[in-house]
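Biologist: I've got a model open and a pile of labels for it. Can we go through what stands behind them?

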Amino acid sequence: MQETTLTVNGKTHTVNVDPATPLLYVLRNDLGLRGPRFGCGLAQCGTCTVLMDGRPIRSCILPVSRTRGEITTLEGLPEDGELHPVQQAWIDEQVPQCGFCQNGQILTAAALLETNPAPTDDEIRRGMNPILCRCMTYFRIQSAVKRAAAAMAETEADR
Amino acid sequence: MSAGHGVNAIDRALRRWEGTASRRDFLKSSGLFVFGLSALGAAGEGLAAQPAADGPYPDPDFLQLDSWLVVHEDGSATFYVGKTDGGQGTGTATRQMMCDELDIAFDRATVVMGRTDLTVDQGGSGGSDAIERDAMVGRRIAAEARRVLLEMASERFGEPVEELRVSEGVISLASDPSRSVTYGELVGGRRFDVALTGANINQAGGVASIKPVQDLKLVGQSIPRYDIPAKVDGSFEWAVDVHLPGMVHARNVRPPFAGATLTAVDESSVSGMPGFLRVVRKGNYVAVVCEREEQAIEAAEGLAVTWEKPATAPFPPSDDLFAYLRSTEPEPRSGGRGAPQVEGDPDGALARAATVVEAAYDVPFQGHTAIGPAHALADPSDGQMTIYTNDMKPYSHRTGIAEFLGMPPEEVRVIWMEGPQLYGRTAADDAGFEAAYLAKELGRPVRVQWMRHEETAWDTKGPAFAIDLRGGLDADGNLVALDYRSRIANYAHVGYNQARTVLIAQLMGLRPERPVPGGAGGPDEMYHVPNRREETRAVRLPLVFETPLRTGNLRDPNGPQITFAAESFIDELAAAADADPVEFRLHLLRGAADDDEIFRRARSIAVVEAAAKAYGWEARPSPARAGGGRLLTGRGIAYAYRARTTVAVIAEVEVDRENGQVRVPRMVCAHDCGLVINPDGLENTIQGNLLHGISRTLYEEVRFDGEKVTSVDWRSHPTLTHRDAPERIDVVVVNGDPNPDRPDLRPYGAGEPSHKPVPAAIANAVHDATGVRMRRLPFRPERVLAELQAAGV
């Protein structure tokens, strides 16, 4: 056991756990967050995705002692009480079926649009490909990413 | 239960209710256990933590209106639905139907689903029947509540019911709309105290009639699903999220070889680990319990266990499976099971046929492989047992666990919460049994979650099939005989939550009294073929129990396997007759003039025609003349029905002749499920069915050597990914009823039917593109490439 300090969704937390503990279990069981969920524990499916300094990472394999910078989970994505445009697009397109994987889909889409605000269809497919969905909502996810990109471009143009 | 940092929203709401009204005591004193839940309460906050409901937990009485529907003081309503929503939006659709009958706005109602202590036993999910059957009960109940409310208003105004009008929960006098009363004023916070009739839950209802379709306002609208916002902002509480004070974590230790016997456990190998609490062992079942989740994972990995391999191989390697199925004597026929269905004289007709076509099709075991593995939390507080689970059939989960633990059912309650899909896997949810067993052993709440390798190797499997077909064409190309013979690796079907067949029970040495070979029907189509034989026989693999190849219902159980063979073979016959595949099917469907009571033949013709029209189908025989490029394109159709729903699917494929990769850039699905409740929800469900079907067609296969399953994660058991999603999907909603405006048009199931024709549609498209007939699923690139090269394509 060892004290580890981490910043999650803008708040600083100190936990006393084995430093090898994957970040996922700390987020879920110590901080009570629900966004990241266990899917495989092998970094293969993306259900456990969180953002570390804006980049999507697999919290199921990252030791808590190796977290750096700012961790953002699905709960931390809205700004000033407003849903992130990607989250809004997910509602507008009625994307989820069971919804269990959508944490990883939404965070990965948000990160994708951060680095590439106007992705082509092929770039969306390649960018989203690492995140699996067993209800197979891929078709709607891709539509929602395009919708979010358009909404974000419009907001940018209004500024 | 007191609050941990994640408490079920319904429990919070129930506490709120109890804190604000004496309703519970009132209902309790009347012998009813019906709890009100205000619309506001579901999102309630700042609630005092206090026990939600002490046991025991008797069944809600399905013959009482109050068990199904509660009207609150503010005029909002809560519907109690004994079903579970697997992400197809059945909760939203049920709410639409019940609000319509009750005559209140959609946002004035909430739905509580799948809690054995609060909702009547409608069986949970299965068979795509939530809307077709169970929500129709809900409609009748809501209609009865509206009738009773009208009578109450009639009494209050001293005017006959005929003089009253209802709009969104307000009843007014037709002659003087200023005189009005709300539902809340009439019955809010009080019981209806109205008895229902019906020999069973599915027949429950009152005196009132349901509305004609033309009077429904919410039905037919694409109302957004109520569960999606919380799933998108991270606030949704899943079964995996429940935390209870004092709860601990368990992980299972599975046999490394199928049929292995545990000979020794060295507890000292883990007893010094931090947080270690117990090793629990009974028979071949082993679990490790620790304070923290990551500790349980590490301890389960580190536990030294000695296993002895079985004397005989549990099953043949997956590459030898189909030869095994065809060469092994099937299980004896018993009680009509396995007896061939014969019409006309198939052997004579085949002997006389101008052309006889024969083909053999193979479908491997396919897993459910949910995106999140099995999990449950069991709480043994107060001598009762509460299980938080995503089991899709919470009622049988409850009775199964009660029997397994030797507890009276009323001391056990199951609280269904959402989880990673269902599709049949959670009809026999092993984790709930394991959590309950361990919670009883430890005397404190225990949470169990499987690991990925465990889930992919040991979840229930869709059975493997080996199917042999013969068909005879006369000189004019008419199909005159069809002989379907299948062998199915489906022994000791695990059933639903049975105390002796869930995995933990098998590993503990329990066995069902009478193990029964599984069975399957024949092809689900309405073709007129004068001479037919259909025979399905179960073949037993050497290891029947404690096997990772135990079978269970997998979305549209057996349908995709059977239809892959049957509808591929129809295309083979069409090709032999030099006929267009759509025309060939329509000819077979039109061959008989009679139809059944739900017009399945007419509605089959309607979907085939609608799919062809939507696709822009050009009539010609398959295969197309192959072009010379790297990518070969083709289109294929397949059609089927499931229960009362008819569906036709057209797939367009691209086959890469250099690497064997198959892509499906476009799909069309024509779908007749009668009355459509929520068009967008239906479309989402169909899209999921189609893509799940592509995944099973192109990638999914359970692989095993002679002693264990070797496909254990997303690399060894691949699934469809974003890259493979079609670029275009056209869903055509068809109403092929001869009287499409009938006021009593019913909804039929939609959760599974469109899954069924997908593998055959893709196989037919691959044949159209390449001239190569793929007769074994899945069409992984290396297998396609080998077939292309063998055919010189």
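Modeller: Sure, and let's begin with burial: a residue is called buried if 20 or more other C-beta atoms lie within 10 Å of its own. Keep in mind that this is a predicted model.

Biologist: Which residues of helix α2 (residues 85-92) of chain A are called buried, then?

Modeller: Pro85(A), Val86(A), Gln87(A), Ala89(A) and Trp90(A). Each of those buried residues therefore has at least 20 other C-beta atoms within 10 Å of its own.

Biologist: And what covers the buried residues of α2(A)?

Modeller: The cover includes α3 (102-115) and α5 (138-158) from chain A, and also α6 from chain B. Just past the end of α2(A), by the way, Gln94(A) has a positive phi of about 50°.

Biologist: Why are α2(A) and α3(A) called oblique to each other?

Modeller: Their axes cross at roughly 130°. Over 145 would count as roughly antiparallel, and 65 to 115 as roughly perpendicular. The angle fits neither range, so α2(A) and α3(A) are oblique. The axes come within 9 Å, and the crossing is right-handed.

Biologist: What makes the contact there?

Modeller: From α2(A) there are Val86(A), Gln87(A) and Trp90(A), and α3(A) brings Gln102(A), Ile106(A), Ala109(A), Ala110(A) and Leu113(A). By class, that contact has six nonpolar residues, two polar ones and no charged ones. Gln is not on the nonpolar or charged list, so it counts as polar.

Biologist: How do you know that the two domains of chain A touch?

Modeller: Chain A is assigned domain 1 (2-76) and domain 2 (85-158), with centres 22 Å apart over C-alpha atoms. Residues are in contact if their C-beta atoms lie within 7 Å, and 13 residues of domain 1 of chain A are in contact with 12 residues of domain 2 of chain A. On the domain 1 side, β3 (49-52) and β4 (55-58) of chain A each supply at least two residues, and β3(A) has the largest share, three residues. That side divides into six nonpolar, five polar and two charged residues.

Biologist: How many residues of chain B are in contact with chain A?

Modeller: 51 residues of chain B, in contact with 47 of chain A. α6 (228-233), α7 (293-302) and α17 (679-698) of chain B give two or more residues each to the chain B side, and α17(B) gives the most, seven. The chain B side splits into 18 nonpolar, 19 polar and 14 charged residues.

How values were computed
Residues are numbered from 1 along each chain as its sequence is written. Chains are lettered from A and ligands numbered from 1 in the order in which they are written. This is a predicted model: local features need pLDDT of at least 70, side-chain atom pairs count only at pLDDT 80 or more; totals for chains, interfaces and linings use all residues. Domain bounds come from an automatic or database domain assignment. Helices (H or I, at least four residues) and strands (E, at least two) are DSSP runs, numbered from the N terminus. A residue is buried if 20 or more other C-beta atoms lie within 10 Å of its own, exposed if 12 or fewer, and partly exposed in between; C-beta atoms are placed from the backbone. Axes are lines fitted to C-alpha atoms, for helices over the stretch in contact, and angles run from 0 to 180 degrees between N-to-C directions. Angles under 35 degrees count as roughly parallel, over 145 as roughly antiparallel, 65 to 115 as roughly perpendicular and the rest as oblique. A crossing is left-handed if the near helix is turned anticlockwise from the far one by less than a right angle, and right-handed if clockwise.
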